[in-house]
Amino acid sequence: MKKILTGLLLITLIFSQTSCSEDEFTDSIFVEKSVDKTAFDKWLDANYLEPYNLDFRYRMQDAGSNTSYNLVPTKLEKSEEMAILAKYLWFDVYGEVVNEDFLKYYGPRMIHLIGSAAYNPNQRTRILGTAEGGIKVTLYDCNQLQADNIAFNNEYYFHTMHHEFMHILHQQKAYPKEFETLSAGYYDPMYWQERDDDSTPQEAVIRDHSQYAPLGFVSAYASSQPREDFVETISLYITKSDDWWNELLRQAALPGPNGETMPGTGAGIIEEKINICKKWLLERWDINLDSLRQNVRERQLHVNEAVEKGKAEIDSYK
Amino acid sequence: MKKRITYILLTAIISWSMSSCSLTEEDLFSESAAIRLNNSIANADTILVSAKNGWEMLYFPTKSSAGYNMLVKFDADFNVTVAAQNTLTTNGQYKTSKSLWDVIQGSGPILTFNTYNDVLHAFSDPQDDGVGYEGDYEFIVLSADSNTLKLKGVKRGTIIYMKRLAKNQSWTGYFEKLDSVNQTIFGRFSTTLKLQINGAEAFSLTNGNTHIFTFTPEGESILDSGYEVPFIITNYGLQLLTPINQESSSAQEFVLSDDKNELVSEDGNTKIISQPASDVLIEIISAKKYMNFNYSDEHMSSIIKNAYYTIDSTVSAKTRKLEYIGFTNNKGWGTSLAIYTTKTSNKIEGFLSFTISETSANELTLKFNNFGDSYDKNGKTYYDSYNLSDFVSLIEGEYIPTIIGHKLSSTTIRLTDKNNPNKWFDLDLK
Ligand SMILES: [Zn+2]
């Protein structure tokens, strides 16, 4: 396409030359400016484009992003770390636990990195990720990535990646209707954020879950609507520590914020939801959720080595 | 490996839209939009990289914010270096940052800074409130030649110019120059300036030190008719965000005159000038600042100096120290002559009510209001027992005021007695 256009451009120039009486266009010089790929671009080709047919877009195109937010691009260094870690804690996990081709078929076609969060000041919420049409995953706030802070990264990025990927999967094969019945009547798409604990960082192990856990939800966002509940349950199950889960279940066993007592307590409902998720993943996708979780946990212990190794790989393309 | 074919052409082609050959223009515009687009992308790339010392970017985050200068150097390998020095985003320190750039195809060629640059994106980062300074980092290239690019922010629509930086201009020196230009225009106290069109005063310009002028049409009130016009300091003067179009003349760029006393538009028809000296003095005093006597040979004639000396020695004889005498606007006593003396931690300021009035065009009258029903007791003590009375009767009178130094920003006003050229003194902003 580009070649055709430049060909026409040449014609234009010649045409201009002949139609102008003054001889001012004869000094044109024709050169080629090469846009060699950077080492990082080559690494992305080898690790995303070739194996997964995935466009890992770290150069932000705001014109194509949501224009109602003020967004900025990601720092190059953070993009590199994000690309390395997404491969290590997401793509390689499915390669090992399911099979090499799984994400090639079902994975996203594009990952778009955004440097800042998408803030909604009216709702006091921030978008951490989006999955569009089952093919594009957008990850926000990437400039805050802290390569050595696993709890933080888990909450903001890896939890988000698994969250968005589960959206992609359930958009292709619906999850069981039964899931939606367990906390029916307690979903609140408008005011779910009021249930969150504002006073504690999202990544903290000990948080106040009292506004949603007794109702059978793993997070405030899970209580917004069933499909978010479904992907939150799986993604938090994969990424959160045992200490975090034990604390969640302890609080889930207590009465609800308005004295609600759920059949079998909120803890029982959460366990039941996890069982539905496990069954769906195994029967519909041939994925063992506990193996996935085990694999991610093992890898989380070696994040720093993975980043170092990835950077060395990128350097090797220079 | 992907190759992009680019043309380097001499300036005649690069700036064809301004070419004198009208046939060429018609021919080019009869081609499809896609061809022209691709053509201009190639041009923009080439032009951007061609400035070996980079570009001066006159950046306005939004249409209602002050302008901020950046220097931007584009490399052929799509690295870009951006520098800035301002109080908003770099804490007054010179700062540079490297990132990537590209020219992509949108509804026209779009210059984008598509990885985070600590300097440039500081104006776009939503920060903690989700808003930040709301600046663009994707720009539609409206026009490009080898000296100037006219850009338009994709989201905010702000017009941003980039001008080729001279080869020998050091980057830190550029920001030093801006600071010096800013000092020359706004100095320590930003007084009202006047915008003159074809010799007639058309607007009052206030709040200049914020780099957002408030324009008030002459003879109207700032409340009813004032409106804001952001601008940016350049290394030769200043440039308004949007041109003022008045009486068939249009002015946007203003250059400091050689004597640094005024800013003149390109066509010479529009000027930004200072107010008359009397108005400058009255404005500073009304702002409750001090305009003090400067006790030295260069700043007062001998008649005044002798009277000042008498007070100084009287104060010394009473083992106190004379700190200053000057004019100010005091909360309790209004426009006053203030005198301040100290003795270790004992500090006493006294005020004598004065009237400073503009009696005719650039003529001032200083008048002591004497002691009425209420007065400042300290002022009266200084008047009665420290020989201030002689000084007061000496300085009462009619004066011709003049601005000493660069007129736009000077805060030194010389008052010369209307009838006695040997009686004069300077008042300096404290
Ligand atoms: Zn979701």
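# A tour of two chains, starting at a hairpin

Welcome! Select residues 193-206 of chain B to begin: strand E11 (residues 193-197) and strand E12 (residues 200-206) of chain B pair in the antiparallel sense over 5 bridges. Here, strands pair if DSSP finds at least two bridges between them. Helices (H or I, at least four residues) and strands (E, at least two) are DSSP runs, numbered from the N terminus.

Before moving on, a word on the ground rules. This is a predicted model, in which local features need pLDDT of at least 70 and side-chain atom pairs count only at pLDDT 80 or more, while totals for chains, interfaces and linings use all residues. Residues are numbered from 1 along each chain as its sequence is written, chains are lettered from A and ligands numbered from 1 in the order in which they are written, and side-chain values use heavy atoms, with hydrogens and water left out.

**Stop 1: the hairpins of chain B**

Stay with E11(B) and E12(B), and click on Gln196(B), which stands opposite Glu201(B) in E12(B). The two strands form a hairpin with 2 residues between them. In its turn, Asn198(B) has a positive phi of about 50°.

Now add strand E13 (residues 212-217) of chain B, which pairs with E12(B) in the antiparallel sense over 4 bridges. Phe203(B) has Pro217(B) in E13(B) as its bridge partner. The hairpin of E12(B) and E13(B) has 5 residues between the strands, and Asn207(B) takes a positive phi near 60° there.

**Stop 2: the barrel around them**

Extend the selection through E18(B). The strands E11-E12-E13-E14-E15-E16-E17-E18 of chain B make a closed barrel of 8 strands with antiparallel pairing. From one strand to the next, the twist averages 30°. Angles here run from 0 to 180 degrees between N-to-C directions, and axes are lines fitted to C-alpha atoms, for helices over the stretch in contact.

Highlight strand E15 (residues 237-246) and strand E16 (residues 249-256) of chain B: 6 bridges join them, and they run antiparallel. In this pair, Gln246(B) stands opposite Ser249(B) in E16(B). Then bring in helix H4 (residues 171-186) of chain B, which packs on the sheet and touches several strands, including E11, E13 and strand E14 (227-233). Contact means heavy atoms within 4.5 Å. The direction of H4(B) makes about 140° with that of E14(B).

**Stop 3: a second barrel**

Move along chain B to E19-E20-E21-E22-E23-E24-E25-E26, where 8 strands close into a barrel in that order with antiparallel pairing. Neighbouring strands of this sheet are turned by 35° against each other on average, direction ignored. Helix H7 (residues 302-317) of chain B packs on the sheet, touching strand E19 (291-293), E20, E21 and strand E26 (424-429), and its direction makes about 115° with that of E20(B).

Zoom in on strand E20 (residues 321-330) and strand E21 (residues 334-343) of chain B, an antiparallel pair with 9 bridges. Phe327(B) stands opposite Leu337(B) in E21(B).

**Stop 4: where domains meet**

Colour chain B by domain: domain 1 (33-169), domain 2 (185-274) and domain 3 (281-429). These bounds come from an automatic or database domain assignment. The centres of domain 1 and domain 2 of chain B, taken over C-alpha atoms, are separated by 26 Å. In their contact, domain 1 of chain B contributes 16 residues and domain 2 of chain B 14 residues.

Between them, these two domains bury about 1,000 Å², 58% of it on carbon and sulfur atoms. Buried area is the accessible area (1.4 Å probe) that two parts lose on being put together, summed over both. Select Phe60(B), Ala66(B) and Lys163(B), which supply 37% of the area that domain 1 of chain B buries against domain 2 of chain B, more than any other three residues. Lys163(B) also meets Glu253(B) in a salt bridge between their side chains (3.2 Å, N to O). A salt bridge is a side-chain nitrogen of Lys or Arg within 4 Å of a carboxyl oxygen of Asp or Glu.

Over in chain A, the assignment gives domain 1 (39-172 + 302-318) and domain 2 (174-287). About 2,000 Å² is buried between these two, with 67% from carbon and sulfur atoms. Look for the salt bridge between the side chains of Glu155(A) and Lys240(A) (2.8 Å, N to O).

**Last stop: a link between chains**

Select Lys75(A) and Asp118(B), whose side chains meet in a salt bridge (3.4 Å, N to O). Lys75(A) lies in the loop between strand E2 (55-57) and helix H3 (76-97) of chain A and Asp118(B) in the loop between strand E7 (109-112) and strand E8 (138-144) of chain B, so the pair joins two chains.
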